[in-house]
Amino acid sequence: MTALLTLYVLIWPVIVLGVLAVIVRAFVKEWRQAKREGRSII
Amino acid sequence: MDQLQQLSGPIVVTLMLLFFGGSLYMSIRISRKRENADGYMTGGGKIGFGISAASMTATWIWASSMYASATSGFTYGISGPIHYGLWGALMILLIYPFGRRIRQVAPRAHTIAEVMFARHGRSSQLMLAGSNVLGSVISLTSNLIAGGALIDMLSPFTFTQGIIAIAAGVLLYTLWSGFRASVLTDFAQVVAMLGAVVIIIPVVFFAAGGPSLFETGAHNLTPQQQDFFSSDAFFNQGAPYIAAVLAYAIGNQTIAQRLFAVREDLIKKTFVTATVGYGATIIGVGMLGVLALYAGIQPLNDDVNNLIPQLAANYLPPVLLCVFFVMIIGSLSSTADADLTALASIMMADIYGQNIAGKKRANPQTMIWVGRITMIIATAAGLFFASSQFNILDLLVFVGALWGALVFPVISSFYWNRVTNLAFTAAVIAGLACFLPVRFEWIDLSGGIGIASDVLATIGIGVVLGLMAFGFFGRLVALVVGTVATLAAAPFAIGFLHTYPVLSGSLVAYAASTIVCVVLTMANTTRRFDFALIKERTGDFDTRDGGADASAGLAGPPGAAGASSLDDRLELANDGKDRA
């Protein structure tokens with residue numbers, strides 16, 4: 001039970017890290033593409 | 001524990017300068033001498049996945065949701081954060097199928113209220129716009145209060161100094177470029193926030209005792225708090241929140257604005273990512289409340305809103321306390337700037353653009369200044385309400401109910417061509433009329449009236465679940481789910497639900513508005529609305545160079561040349577004369 005509860009608490013930061021990686025990767029890709037095309041990212 | 005670890009004045013000033021100075025720098029980098037009115041409201045409707053996913057996530061993670069999730073964990077135990085964060089995340093996910101439909105019929109709109117104007121006319125539009133103005137001012141006030149309280153607790157500065165600094169900082173970087181500045185800074189803010197969550201939760205967990213805490217502190221929890229399937233948590237936290245989920249998803253302009261801003265083919269990807277990001281962040285922060293419960297910590301001054309800052313001050317070293325500070329400031333700033341831009345777009349598009357000047361005569365430059373002045377007035381109002389300790393809870397409940405009553409009429413208006421302005425308006429009024437006496441217990445709910453309330457609330461269960469199913473699986477599945485859910489819940493719910501007025505209030509609002517909307521719509525046997533008209537009636541206000549996307553003309557009205565005839569047709573719409 002202790003192990004399960006530990007996993008239950010610590011799984012969320014891991015998922016958050018995954019989402020953060022997805023967002024940052026996409027942003028960098030869009031930023032580079034905008035720079036290449038000489039336009040603002042937004 | 002009476003005295004918490006604090007950050008020194010110079011450190012707080014430095015953090016604030018770095019945070020708001022960095023946001024201002026980003027805003028200046030993308031600013032234009034002459035901003036485009038449509039860009040000011042929705043960024044031109046072609047924002048990429050990275051920024052839009054970051055913005056959706058950042059906007060929905062507000063300081064109050066972090067505090068509320070931790071409170072839920074502290075109050076209801078291990079299932080508490082799930083009953084807050086999971087349903088809150090579902091809120092984002094639920095709008096995406098509806099969002100795709102909304103973008104399909106109104107690809108260049110700026111607000112849902114604007115679309116309702118094109119669909120039904122002025123009364124429907126003003127109901128949505130009014131509820132959004134109230135909702136955004138409340139949200140802004142709430143964020144300022146959370147920031148002021150944090151600064152008051154963790155620094156030598158006062159609450160008033162805190163709210164003024166935050167309000168000024170947010171206004172400064174949002175004012176000139178509006179929505180474009182809001183979404184771009186959201187990216188930096190989400191990196192700061194999510195990065196902080198990744199670090200802070202494990203650090204607090206191990207500092208509080210690690211896995212052994214679950215053994216040594218188990219006696220601090222009641223059996224309900226230890227139960228992952230706690231009925232207490234479900235009926236008091238989860239169920240009312242599920243009912244609120246749809247209402248907030250449909251009614252809130254900050255979501256709608258991002259829906260109109262993201263590139264149409266990226267809607268699903270954006271909303272799914274934001275769902276996971278929001279859910280994991282908020283549930284994760286809620287775990288701090290669970291840890292506090294296991295550790296036997298009592299909230300400072302018996303105020304559960306103090307729990308998170310208290311844990312941070314207790315267990316985090318000074319450097320991480322700075323990270324925590326930035327996390328909270330980031331969460332409230334990203335939502336506050338979204339509220340400001342939501343208010344600005346409503347005043348620009350719905351009030352000035354369509355009701356004062358008229359779409360044909362609206363001057364884009366004037367529109368932008370309407371937006372900027374709105375932001376200044378809204379910030380002043382938020383500061384006034386925050387500093388005068390104005391009780392915004394009842395107002396928030398009222399807005400939530402209004403949104404609840406709006407859900408079925410709004411959704412059906414996008415799919416059902418028989419819904420009329422009368423059906424829409426009468427349904428919302430009926431929903432509100434049923435909500436108020438039940439939610440605030442103005443009438444005695446024991447006896448026959450209680451049973452009647454329960455019957456309506458049970459139908460409300462079917463409506464909520466049916467609408468959720470409708471978004472993903474279509475009408476047939478929705479009808480089956482709604483009917484089965486109502487019949488299955490009836491034996492348990494009737495005679496019981498009225499003992500939970502918060503839940504019952506929301507459900508009767510859904511049921512009454514749905515019943516009235518369906519009955520009045522079925523009574524309309526002659527008029528049919530042509531959804532293609534919405535695309536023509538909504539669209540860019542600003543067709544000057546350097547503004548809207550070059551593809552705008554493909555999706556929206558080509559410009560002033562076609563506006564005259566469109567406005568003529570809008571006049572007809574205002575009279576409630578849908579195309580037969």
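Tutor: Let's start with a term: helix axes that cross at 65 to 115 degrees count as roughly perpendicular. Keep in mind that the model we're looking at is predicted.

Student: Okay! So at what angle do the axes of H13 and H16 in chain B cross?

Tutor: Roughly 75 degrees, and the axes come within 9 Å. H13(B) covers residues 253-261, while H16(B) runs over residues 318-356.

Student: And what do we call that arrangement of H13(B) and H16(B)?

Tutor: The crossing angle is roughly 75 degrees, and the range for the term is 65 to 115, so H13(B) and H16(B) are roughly perpendicular to each other.

Student: Which residues meet there?

Tutor: From H13(B), you have Gln253(B), Thr254(B) and Gln257(B). Their partners in H16(B) are Ala338(B), Asp339(B), Thr341(B), Ala342(B), Ser345(B) and Ile346(B). By type, the residues of this contact divide into 5 polar, 3 nonpolar and 1 charged.

Student: Let's zoom out. How is chain B divided into domains?

Tutor: Domain 1 spans 39-390 and domain 2 spans 399-539. Taken over C-alpha atoms, the centres of these two domains of chain B are separated by 26 Å.

Student: How many residues does each domain of chain B give to the contact?

Tutor: Domain 1 gives 37 residues and domain 2 gives 35.

Student: On the domain 1 side, which elements give two or more residues?

Tutor: Four helices of chain B: H5 (80-105), H6 (112-119), H7 (122-154) and H12 (231-251). The largest share comes from H12(B), with 11 residues. That side of domain 1 divides into 26 nonpolar, 7 polar and 4 charged residues.

Student: Switching topic, what's in chain A, helices or strands?

Tutor: Chain A has 1 helix and 0 strands. Its C-alpha atoms fill a box of roughly 55 × 15 × 5 Å, taken along the principal axes.

Student: Where does UniProt place the "transmembrane region" in chain A?

Tutor: The unreviewed UniProt entry places that feature at residues 6-28 of chain A. In the model this span is 100% helix, and its end C-alpha atoms lie 34 Å apart.

Student: What share of chain A is buried?

Tutor: Buried residues make up 29% of the 42 residues in chain A.

Student: Last one! How many residues does each chain bring to the contact between A and B?

Tutor: Chain A brings 22 residues and chain B brings 33. On the chain A side, the residues divide into 17 nonpolar, 3 polar and 2 charged.

Terms used:
Residues numbered from 1 in each chain as written. Chains lettered and ligands numbered in written order. Predicted model: local features only at pLDDT ≥ 70, side-chain atom pairs only at ≥ 80, totals over all residues. Axes fitted to C-alpha atoms, helices over the stretch in contact; angles between N-to-C directions. Parallel < 35°, antiparallel > 145°, perpendicular 65-115°, else oblique. Contact = placed C-beta atoms within 7 Å. Nonpolar A, V, L, I, M, F, W, Y, C, P; charged D, E, K, R; others polar. Domains from an automatic or database assignment. UniProt positions renumbered as here; feature names shortened; annotations may be inferred. Buried ≥ 20, exposed ≤ 12 C-beta atoms within 10 Å, placed from the backbone.
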